[in-house]
Amino acid sequence: MNFTEFVTNSALNKKIIKIDGLTDVLKEIKAIGRNLNQLTTLCNMGKIVYPDLTDLKADYAKAIEALDEIARRCG
């Protein structure tokens, strides 16, 4: 929730929910996306042909597990 949404919900007396750990997971997912975009660019430039996605896939799996844990805590 950004600041504008927080203020709007507060003004309308809506319930505000803070989810611990979500910010870190979202940062990790954005970093994974940036890495994937960089690999795609290098592939399109012909600088790499077969990128090793092992680490990227492992990081993504960890992020999905963390999101699943957060969803279980909230649900």
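## Salt bridges

How many salt bridges does a search of the whole structure find? The search finds two. Please keep in mind, as you read on, that this is a predicted model.

One of the salt bridges joins the side chains of D68 and R72, with 2.4 Å from N to O. The other pairing to look at is E69 with R72, whose side chains meet at 2.9 Å, N to O. R72 appears in each pairing, and D68, E69 and R72 are linked in a network of salt bridges.

## Where the network sits

To find these residues, follow helix α3, which covers residues 54-74. D68 and R72 are four residues apart in this helix, so about one helical turn separates them. E69 and R72 also lie in α3, three residues apart, and that spacing is again about one turn of the helix.

Are the members of the network buried, partly exposed or exposed? R72 counts as exposed, because its relative accessibility is 54% and the cut-off for exposed is over 50%. D68 has a relative accessibility of 37% and counts as partly exposed. E69 is partly exposed too, with a relative accessible area of 35%.

## Two helices side by side

Next, look at helix α2, which runs through residues 22-45 and packs with α3. The two axes are 10 Å apart, and the angle between the helices is about 155°. Angles over 145 degrees count as roughly antiparallel, so α2 is roughly antiparallel to α3. The way α2 passes α3 is a left-handed crossing.

Which residues of α2 meet α3? On the α2 side they are L22, V25, E28, I29, I32, N35, L36 and L39. Their partners in α3 are L56, D59, Y60, A63, A66, L67 and I70.

## A closer look at L67 and I29

Two residues make handy landmarks in this pairing. L67 is found in helix α3, while I29 has its place in helix α2. L67 is partly exposed, with a relative accessible area of 26%, and I29 counts as partly exposed at 26% relative accessibility.

What does L67 touch, leaving aside residues up to four places away in sequence? The answer is L22, V25 and I29. Seen from the other helix, and with residues up to four places away in sequence again not counted, I29 touches A63 and L67.

Some distances along the chain and through space help to complete the picture. I29 and A66 are 37 residues apart along the chain, and their C-alpha atoms are separated by 11 Å. L67 and T8 are 59 residues apart in sequence, with 26 Å between them in space, C-alpha to C-alpha.

## Cysteines and disulfides

Finally, how many disulfides does a search of the whole structure find? The result is zero. If you would like to look at cysteines in the model, C43 and C74 are two to visit. C43 has 27% relative accessibility and counts as partly exposed. C74 is likewise partly exposed, with a relative accessible area of 47%.

How values were computed
Residues numbered from 1 in each chain as written. Predicted model: local features only at pLDDT ≥ 70, side-chain atom pairs only at ≥ 80, totals over all residues. Heavy atoms only, no water. Disulfide = S-S within 2.5 Å. Buried < 20%, exposed > 50% of the residue type's maximum accessible area, 1.4 Å probe, protein only. Salt bridge = Lys/Arg side-chain N within 4 Å of Asp/Glu carboxyl O. Axes fitted to C-alpha atoms, helices over the stretch in contact; angles between N-to-C directions. Parallel < 35°, antiparallel > 145°, perpendicular 65-115°, else oblique. Left-handed = near helix turned anticlockwise from the far one by under 90°. Contact = heavy atoms within 4.5 Å.
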